[in-house]
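Reader: I'd like a close look at one chain here, from its overall build down to a single side chain. Could you take me through it?

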Amino acid sequence: MAKADLPKLFRTLAKYGPVVAPVRVGENVVFREVTSLEEVELEYTRSLTPPKKLFLGPQEEILKFDGEKYEEVFEDGKAVLFGVHACDINGLLKLDEIYLDSPQDEYYARRRENVMIVGMSCVPDERCFCTSTGSSYAYGGFDLFLHDIGREYVVRVRTERGYEFTKDGYFKRMEEKDFLAFKKAEEKKVRSIKRKVDLAGIGDLIDVTPKSLWEELTAKCLACGSCNLVCPTCQCYDVLDVLELDIRSGSRIRRWDSCMLKRHALVAGGGNFRPTVVERTANRLSCKVGGEIRCVGCGRCTVYCPAKIDLVEMLERIRVGA
Amino acid sequence: MNELIPKPVKILKVKDQTPIEKLFTLGVKLGQKPGQFIEMSIAGVGEAPVSICSSPTRGNVEVCVRRVGRVTNALHRLGAGARVGVRGPYGNGFPLEKMRGSEVVLVAGGIGMAPVRAVLQYLLDKKKEYGEIKLLYGIRDYSMMLFKDEILKLMNSKACTVYLSYEKEDEVCKRLRKEYPERVCQGVVTKLFEMVKLNPEAHAVVCGPPVMFWFVFKEMRNRGFPIERLYMTLERRMKCGIGKCKHCVVGVGSMMKYVCKDGPVFSGVEALTMRGMKYVR
Amino acid sequence: MKKPRVGIFGFTGCAGDQLMILNLEDELLDLVGALDIKSFTMASSLVEDDEYDVAFVEGSITTPKQKEKLEQIRNKSKLLVAIGDCAAWGGVQASCNGIVSVSKKMVEVYGSRNVWEIYESKPLSAYVKVDFVLPGCPIEKEEFLRAATSLLHGDIPEAVDYPVCVECKLRENGCVLLEGRLCLGPITPGGCKARCPSLGVDCIGCRGVIDGESRIKSAIEVFKEAGFEKDYVKKRLRMFAANYPEILEVK
Ligand SMILES: Cc1cc2nc3c(=O)[nH]c(=O)nc-3n(C[C@H](O)[C@H](O)[C@H](O)COP(=O)(O)OP(=O)(O)OC[C@H]3O[C@@H](n4cnc5c(N)ncnc54)[C@H](O)[C@@H]3O)c2cc1C
Ligand code: SF4
Ligand code: SF4
Ligand code: SF4
Ligand code: SF4
Ligand code: FES
């Protein structure tokens, strides 16, 4: 489809539900509800917080209570998530493995069903390393994917729901030249991702990394949790009850959590299974790349770390062992 | 079904156990496996994971809870008739099928007696299917003994052999030591192994504070007990109980497990090969 | 049920936290029905035989007389909650602790060394057991209400033990530290919903530090690398949490 027709697609998509898309706010890009295509930042590198927020909210009610009566909080949550990059779509697929695994998380599952996802080509920078994590391309996990090939978009259709939106006249069949342009654009993107990290067997290297190296790697770490809170594959949440002034009703809230924070492994009586940033970082890296690769190479944890701690550099030093 | 919504359940009975522990009988049957736990909710305060300390063969679910923080304190304020929220049962439970036909050694310390009691009740009720039952129980002093009546009765019964260790001597402990010198002693729970003949064909269940577990583990291994026949429970912070919130994860590197889903029961081999399990105060 | 008795007391400070509470009238109306509140701006009017279920205490302790009063309040209250930075950490008036001695301050302010006996400004916990701390300068209205409901329900509230950065991320703020301002957010407990960074200005640390958790040394290193002068960093750290040992030590 021609790029000039994007506003038309946007308008039809908006009929499905509110559109949430990348928007520039100061120096950052965040996913927000938009009403017109003009508000959308079509060419961006990475959003501050990942689009997982639509499925697992930064802070959301999971139930209401009145005395010991518990009631689930249900909203239908129909929406269009527009302009998602391949890394973040892969991030959602990783979260699916957790949240759709039995017993599935009802809130996540419902929203996953009700939110339509429209992917979009990305603009990588020197912090991206998604080719090393196998997430530079989205094979599934979206309804439509718009690949930028210059004047036009190649539109990949992945679901019937997505197909419904491609029936208008401005969608053309792909021709040989489009395939070639698509191939060229994808190759160019992959070539532009210069950052590489070798993850083979890294889990066992994490396991044998001496404490002295951990201490060096984490010397500047502020235990602030930012790295986890911006990560598209972090699954952790904390739960808290909020009582109303009547002292009997209220709601139970869950909130993104981070394993870099004190409370993550704190148990009653003050015991902590991960007392310092050393154990916490070892846990974080194990979780991300220790076994199955759960990192999608988006670079957020590095870009938004107030102490400028670089994940890839840490992994490289762990491989070298010094 | 939404797993995160607790079901309101009535507390049928509350019984003091020690100055800091109470036994709650709940108006619900869950068909749990011994070793499984529930998430107990007090609206406005929060949730806490607690082991079910009764066997499914005995009907209603019972939990024995130590007062340590917000949720557990709030629970201790409640009496019979009040309602609490319950989710579960969760976790794998002890592999009691595997133990069938063999002798079972139960080792408990502190609040670890709660899950062990569930196993014990189960074994006693299915006596014919299992071999001899031994219980090794370590307490600080008599005031801190859980299930006092039951334990004292069992000390006197043939259904199972009870060994008891205590750290501080008081009147009751002294009497017990005089009465059963071959089964009661002063010291930590590992001291009891001097009195017990360990059968390497047996299975063992160990529950207690983390430090105790490692001492027992070492002691039993040194005495030639095969660690693959030993099972223990792990305690970690938990928020969901169903493998989502990842607070309970153990192990570093390529071996990571969820205590709530893959545990809380682990075999001695798993405990030995998993890294980062050390408990730090 | 007997109405829980609540006392609000103030020591050395600006009484800003008490004002904050008294200004909560609309919300408090619901609560007040359930409470019997007594407020003492200048703790001096404490009635000897009054007893309290909860005492909210504001301000830091700077004289022997205050110390005595505080001990009295403690003895007469089931729970004692420190409110505001002064009560929690000693306040701005503690920012010179360990640098300029009290007697020198006296000379500067009053021209004489011994006008009256006076202590270095210390948090309440230096003198009595504190059950819960509501930090901030001033305290957060919502946090106070939440703590009050918890206390009325019979629970000790849950303290915030994660840094402001967490709330920054939950609110999708950009990071002002990365943008070049000295932000104390990483060592300051949240609870304010990242009030300052959300307005694009740096966190000045008015909620103190997270006891035993804040990574002061790492923060100093990070600030240094970001190009901030040592003395400026020290001054900023001392503003609200000078009594925290790791900060008191900073040369
Ligand atoms: C599988 C399992 C079985 C348990 N069985 C029992 C039992 O039978 N009897 C008993 O008395 N205690 C048991 N515990 C420990 C019990 O869960 C904690 O003592 C309890 O969660 C403390 O909650 P609190 O709100 O009172 O304490 P706080 O310190 O106020 O804790 C606040 C929150 O932190 C979390 N938390 C704190 N400590 C623990 C902990 N040790 N384990 C998991 N989460 C924690 C909980 O989510 C809790 O709501 C068990 C723990 C686990 C993991
Ligand atoms: S670990 Fe870092 S690079 Fe990997 S997915 Fe998470 S934020 Fe992105
Ligand atoms: S354990 Fe840490 S790294 Fe893993 S999902 Fe949770 S917060 Fe993220
Ligand atoms: S964002 Fe950086 S400083 Fe903060 S916890 Fe992560 S690694 Fe440490
Ligand atoms: S602006 Fe301050 S509080 Fe917010 S993330 Fe950055 S350092 Fe942390
Ligand atoms: S308790 Fe949430 S994952 Fe185990």
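To start with chain A: what radius of gyration would a compact globule of 322 residues have, and what does chain A have?

Author: Quick caveat before the numbers: this is a predicted model, where local features need pLDDT of at least 70 and side-chain atom pairs count only at pLDDT 80 or more, while totals for chains, interfaces and linings use all residues. Residues are numbered from 1 along each chain as its sequence is written, chains are lettered from A and ligands numbered from 1 in the order in which they are written, and side-chain values use heavy atoms, leaving out hydrogens and water.

Now your question. A compact globule with 322 residues would come out near 20 Å, and chain A has 21 Å, so the two agree. That radius is taken over C-alpha atoms, and the globule rule is 2.2 Å times the number of residues to the power 0.38. If you prefer a box, the C-alpha trace of chain A spans about 65 × 60 × 40 Å along its principal axes.

What's inside that box? Chain A carries 11 helices and 10 strands, both read as DSSP runs numbered from the N terminus (H or I, at least four residues, for helices; E, at least two, for strands). Buried residues account for 62% of the 322 in chain A, buried being under 20% relative accessible area with a 1.4 Å probe, protein chains only. Take contacts in chain A between residues at least 6 apart in sequence: 72% of them join residues at least 24 apart, a contact being heavy atoms within 4.5 Å.

On the outside, chain A exposes about 13,000 Å², with carbon and sulfur atoms supplying 52% of it; the areas come from the Shrake-Rupley method with a 1.4 Å probe. As for charge, chain A has 50 positive and 50 negative side chains, and the centres of the two sets lie 4 Å apart. Lys and Arg count as positive, Asp and Glu as negative, with His and the chain ends not counted; each charge is placed at NZ of Lys, CZ of Arg, CG of Asp or CD of Glu.

Finally, the side chain: let's zoom in on A:I62, which is found in strand β3 (residues 59-66) of chain A. With a relative accessible area of 3%, A:I62 is buried. Leaving aside residues up to four places away in sequence, A:I62 touches A:E72, A:V73, A:Y107, A:R252 and A:R254, plus B:L4 and B:I5. There's also a long-range pairing to check in your viewer: A:I62 and A:I253 are 191 residues apart along the chain, yet their C-alpha atoms are separated by 5.7 Å.

Notes
Buried < 20%, exposed > 50% of the residue type's maximum accessible area, 1.4 Å probe, protein only.
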